[in-house]
Amino acid sequence: MSIPNDIEITPELVAEHGLKPDEYERILELIGRTPTLTELGIFSAMWNEHCSYKSSKKWLRTLPTTGDRVILGPGENAGVIDIGDGQAAIFKMESHNHPSFIEPYQGAATGVGGILRDVFTMGARPIAAMNALRFGSPDHPKTRHLVSGVVAGVGGYGNSFGVPTVGGEVNFHPRYNGNILVNAFALGLADADKIFLSEAKGVGLPVVYLGAKTGRDGIHGASMASQEFADDSEEKRPTVQVGDPFTEKCLLEACLELMASGAVIAIQDMGAAGLTCSAVEMGAKGSLGIDLDLDKVPCREERMSAYEMMLSESQERMLMVLKPELENEAQAIFTKWGLDFAIVGKTTDTLRFRIFHEGEQVADLPIKDLGDEAPEYDRPWVAPTLRPALGHQDVPPPNDVADALLTLIGSPDLCSRRWVWEQYDHLIQSNTAQIPGGDAAVLRVEGAPHKGLAVCADVTPRYVEADPFEGGKQAVAEVWRNLTCVGAEPIAITDNLNFGNPERPEIMGTLVRAIEGIGEACRILEFPVVSGNVSLYNETNGEAILPTPAIAGVGLLPDLSKMTTMKFKQDGDAILLIGAEAPAGHLGQSLYLREVLGREDGPPPHVALENERKVGDFVRGLIVDDQLSAVHDVSDGGLAICLAEMAMASGTGASVSLAFADIPEHASLFGEDQGFYVMVCADSISDQIIAKAHNSALFATRLGITGGSDLTIEGSAAISVADMQERHQHWLPTYMAGELAI
Amino acid sequence: MKSAVVLFPGINRQRDMMMALEAGTGIVPLSIWHTETELPDVDLIVIPGGFSYGDYLRCGAIAGRSPVMAEIIRAAKRGVKVLGVCNGFQILVETELLPGALMRNAHLKFVCREVRLRIENNTTFFTSSLNKGDVVSCPVAHGDGNYFASDDKLKQLEDEGRVVFRYVEGTNPNGAVNDIAGVVNRQGNVIGLMPHPENMIEAMHGRTDCWPLFEGLAAA
């Protein structure tokens, strides 16, 4: 049954739409009368946190968004960077957290679908996808079900659509028990002079609806994403959309053909708040009004009301402004691909957003105010409480180094993710030069195959929790470092800020400080933010997630043949450690502390950004000069884990000495000092490289040599690489098969 | 050798296949849109991987019954060479140009990984530049590659040497009976296989093991 448009707007109805009383007052002021139900729905869709960024906007403005290679920063569907040869890389990351918790397969699948549309709506063919996933404690009764559903959903959509899913993150922590995170990233490739935007131009031009039909799915999805969860979250299942990757693949091909035909003036995908957001965006950006006739909207369900059509989040749909003289050609393309093509409205010079349904006008709103006049809050915040320092003497050494190392590489957060990425087609398109499992994935660039693009995603939420500023810096630095490891020049990032309820000052304080940290790192590393997404209210029953500002970065390899991996290439090569200063063996917030000693305390390691840059540029310089045969950065788990990962990737061992002056052995092995890389080179040039590093005022030392079947740490342990591999590969598949006692 | 690639909506490895065919044969392959009912004059028709029509019914079932396939069946009967990879193999099985069925992977999950394939029959147009018994690395990427045939059909396939590719023991990724990865029809002109040799032909793919398959097409 259809919902009438002229029902009484009660305070309860306003509250159900997620609008605060003062926000409703503002609506009354703006339009000078009581809104219709459809209008209330439109305001609710435009003014929720997800669409309006009302709590975060003030702070997002402080992020650096420009740079030599930035073509378009935040504000469009995705960020655009110049990668030379007349080509552009277009990318963004976006969350689909709440839907994925409620219905993991479809939630994750439509998260992937949404981010792919963001990229191809700008004229780019998607060439890579990644996913940063965070789940609750492995022993929580829902975790296995969620992992299984989310991974299947990510794969189900991306595999069928035909984009290689090449990387991401998977972590577990009890703080995600009631609110998992699914952050989907997509990267596309386009000609730099053929980027399509959402800004409508020209009056009286047809507004065309493209793609799949509209149904009742996903109504109020964006509003759901702007609320905390309680125990009744399961009841919100109807607000989750259903994905159809087949239609999306057809939509991609049809849109790219359409763009090549010259018929597109402006185009915008229908994402959150569907028809509402896309139409308002196009009109407001172009300073034009839009009239929509809902009787023309292709529907797959009967008797849909205007309210439902305007708020549906049915997937695989686009809206565009068409050059009228090319209507027939445009329509033919969509007919060929079996997709809907319907002229549903026109641009006007009224600056009004008017909606007609069954012969009646059901909405008439000022189009610019819907976006520009959205509330913006300077929410109160308190500076986060920092953790007291943790000395080496406060952290006992392990009883047995080999046991500790095996425990770490077999732990949920460090074990192999092969079980996950083998469910993703990471090879399709034939351009995957570095598959998942390394520091960053690398894609060959079609049209300029001497080049490569590197992508990776990182954040260490336990660091952000302990010190949001340092944690924010570290997330950016880690991405920059991982891109450097494969030989890429880091170019830009997209950020996906996942936090709790911003109306709580301590959460807001975490958000503010993390953004400040991200901004600081971006400035010093010249690594601007070109797109992003904020996901707040990630709480269930008042417990917030760990603050998780996920960062995904893109780097360029001007010469793909220089690409490095973490594998040892031959026996007898020298293994070097390089950093700005000698290691300090920082154990606060380390995985050693958490996984071996069961403690999560202390401050996170400090990131010295100027040093970070010096060291990274030095390492990249050596890669470009063909001096290095393998590179891997030191991160989670410390230097011992870094070396273990290299040995496992190679299937061969190494003999190293990890004794550093003034720090105990367990701090050398498991300390998570920032800004260090392990480099492998021919033994004959190791002295020369070390001398060069010293000349650049950097710390560098020879740790040992590759070869053998064991990772031998002088004076403390010799562990067979085969045993490490077995332990590393064991946990995730066994856990997912339900065969692990936890 | 002139080749053409069939494009059903939802097919998504056509670009990979076309690059490999062009590199191997030296001639840019043509494409055949799924609504066409007249086939171009080519020596080889390739049905690439993907999810034709979304594979929302049984994999390959809808494509197998499309008008263009009726033409391809006729062409195959005339002796035109036909190669189906992944979804293409599933479609060929649906048309009964090839025997057997491709079921859901035994572990019920999509799998993308490198496997080892043994060349069991090197007398086909696709394997003639390799030796019988050669082992090559090759990736798979599918959710429904679990080959099955009835005992008598299986015996026939084995007896007639029509298993072309077999997963090396321990690398069968989907539970396929007799480790079968690819088969040929009795006339020898229709081949289907689940793995993706087109993704392992150049140094950048990590190995070039499958390059001889495409290189051999030029002479076939």
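This tour proceeds from chain B to its central sheet, then to the contact with chain A, and ends at two residues of chain A. The structure shown is a predicted model.

**Chain B as a whole**

Please select chain B and display it as a cartoon. Six helices and eleven strands make up its secondary structure. The C-alpha trace extends over about 45 × 35 × 30 Å along its principal axes. The radius of gyration of chain B is 16 Å, which agrees with the value near 17 Å for a compact globule of 220 residues. Of the 220 residues in chain B, 56% are buried. Among the contacts in chain B with a separation of 6 or more, 74% join residues that are 24 or more positions apart.

**The sheet of chain B**

Next, colour the strands of chain B. An open sheet is formed by nine strands, and its order is β2-β1-β3-β4-β11-β10-β9-β6-β7 (chain B). The pairing within this sheet is mixed. At the edges, select β2 (30–33) and β7 (135–142) of chain B, each of which pairs on one side only. On average, neighbouring strands of the sheet are turned by 25° against each other, direction ignored.

Now move to residues 3–7 and 44–47 of chain B, which are strands β1 and β3. These two strands of chain B are parallel and pair over three bridges. Show the side chains of Val5(B) and Val46(B): Val5(B) stands opposite Val46(B), which belongs to β3(B).

Then add residues 14–25 of chain B, helix α1. This helix packs on the sheet and touches β1, β3 and β4 (81–85) of chain B. The direction of helix α1 makes about 175° with that of β1(B).

**Where chain A meets chain B**

Display both chains together. On one side, 20 residues of chain A are in contact with 22 residues of chain B. To find the chain A side, select α8 (143–161) and α10 (245–261) of chain A, the elements that give two or more residues to it. The chain A residues that touch chain B comprise seven nonpolar, nine polar and four charged ones.

**Two residues of chain A**

Finally, centre on Ser430(A), in the loop between α16 (418–421) and β14 (432–434) of chain A. The phi of Ser430(A) is near 65°, a positive value in a residue other than glycine. Is Ser430(A) buried or exposed? Ser430(A) has 23 other C-beta atoms within 10 Å, and is therefore buried.

The last stop is Asp662(A), in the loop between β24 (654–656) and α23 (665–670) of chain A. Here too phi is positive in a residue other than glycine, with a value near 70° for Asp662(A). Asp662(A) is exposed, because 10 other C-beta atoms lie within 10 Å.

How values were computed
Residues numbered from 1 in each chain as written. Chains lettered and ligands numbered in written order. Predicted model: local features only at pLDDT ≥ 70, side-chain atom pairs only at ≥ 80, totals over all residues. Contact = placed C-beta atoms within 7 Å. Helix = DSSP H or I, 4+ residues; strand = E, 2+ residues; numbered from the N terminus. Nonpolar A, V, L, I, M, F, W, Y, C, P; charged D, E, K, R; others polar. Rg over C-alpha atoms; globule rule 2.2 N^0.38 Å. Buried ≥ 20, exposed ≤ 12 C-beta atoms within 10 Å, placed from the backbone. Pairing = 2+ DSSP bridges. Axes fitted to C-alpha atoms, helices over the stretch in contact; angles between N-to-C directions.
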